[in-house]
Amino acid sequence: MFKPKAIYYEKNIENYELGRQLLEKYKDVPKVLIENHNNIEEMRKNSNKEFANMKRNLIIGTRKTHKFVENHKVSDYLVPYTSSGCTASCLYCYLVCNYNKCAYLRLFVNREQMLEKIIKTSEKSDKELTFEIGSNSDLILENTITGNLPWTIENFVKSKKGKLTFPTKFDMVEPILGLNHQGRIIVRVSVNPEEIINKVEFGTSRLAGRINAINQLKEAGYKVGILIAPVIFVENWEKLYLELIERLNQELSKKAKSDIFFEIIFMTYSYVHTKINPEAFPNAINLYNKELMTGRGKGKYWYKESIRQEGEKFFRENMKKYFPKNEILYIV
Ligand code: SF4
């Protein structure tokens, strides 16, 4: 259970039910009053070395911008929701590109306002919309602190239509198993070979736990997807990912295998990661590989076309062999 070292909070969170609950829950934890969660000077001034240490704090405020971004994968819109950042430390975390070393967990207590906007947008639309609510954080992890997921699901399904989706690298799904979700929630569980989880995805759930979570969610009637993501082309990647696919094939329940879908995403990396990771995690493996990667603008790197093609061929062939009936939504 995550126990914050300190709580940094905006004064106005006291005006929200969740804000008051969190202040009560953490009444024994040292508190620092802040003006704005976006600009905590003492955090900004910290060196990169402090990256993991800073993630031991919890920042609580209200979300001020509520802009929906169109999306064309599993969802129709990416929606800013109840948190951003995370207490875990995956070495490639995409949030580090946005928040730099301030990728710590921020909770936003004005959840009523955010959910209301989703419901209104959904009900106004002619078509059935799906909203991605987990693109800025990991909601299964956040839920262990806030209990926001049962609240969200129970209130969302009171609306007339629409779906919600989110990805996760955690296995603490028990609080949502017994809910009446009406099949309107799509949970996408991200997996990687155990060796990569150990060496790269610090602070996340083990592979066995994630597979078990998938089976439990399916048993509870949820629509579930598997993200094989991000695929990292380490030296022995073919062996590791083949073992992963075989393990999924062996350990996923019949029910899971009957209709689970896949998304396969190759890792992207960034200049910011190459600066923070060596200082914050000096003993960790280096994910930047000059031979295999190339720039893609705005300080981002991705794998060269030749290695991406090789990867795609590998996954198409092996998924066809082990999961012939399951859809791969995309490989990117
Ligand atoms: S679990 Fe997700 S949000 Fe958290 S550090 Fe890893 S990639 Fe980032």
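Here's a quick tour of the overall build, the nonpolar core and the ligand's surroundings. This is a predicted model, where local features need pLDDT of at least 70, side-chain atom pairs count only at pLDDT 80 or more, and totals for chains, interfaces and linings use all residues. Residues are numbered from 1 along each chain as its sequence is written.

**Overall build**
- The protein chain packs in 14 helices and 18 strands (DSSP runs, H or I of at least four residues for helices and E of at least two for strands, numbered from the N terminus).
- Its C-alpha atoms fill a box of roughly 55 × 50 × 35 Å along the principal axes.
- The radius of gyration is 20 Å, which agrees with the value near 20 Å for a compact globule of 332 residues (taken over C-alpha atoms; the rule is 2.2 Å times the number of residues to the power 0.38).

**The core**
- Buried residues make up 40% of the 332 in the protein chain (buried means 20 or more other C-beta atoms within 10 Å of the residue's own, with C-beta atoms placed from the backbone).
- The largest nonpolar core has 80 residues (buried Ala, Val, Leu, Ile, Met, Phe, Trp, Tyr and Cys joined through C-beta atoms within 7 Å).
- Ile60, Val187, Val189, Ile214, Val224, Ile226 and Ile228 touch the most other members of this core.
- Strand β13, residues 223-231, gives the most to this core, with six residues.

**Around the ligand**
- The surrounding residues include Cys86, Cys90, Cys93, Asp138 and Lys169 (C-beta atom, placed from the backbone, within 6 Å).

Conventions:
A residue is buried if 20 or more other C-beta atoms lie within 10 Å of its own, exposed if 12 or fewer, and partly exposed in between; C-beta atoms are placed from the backbone.
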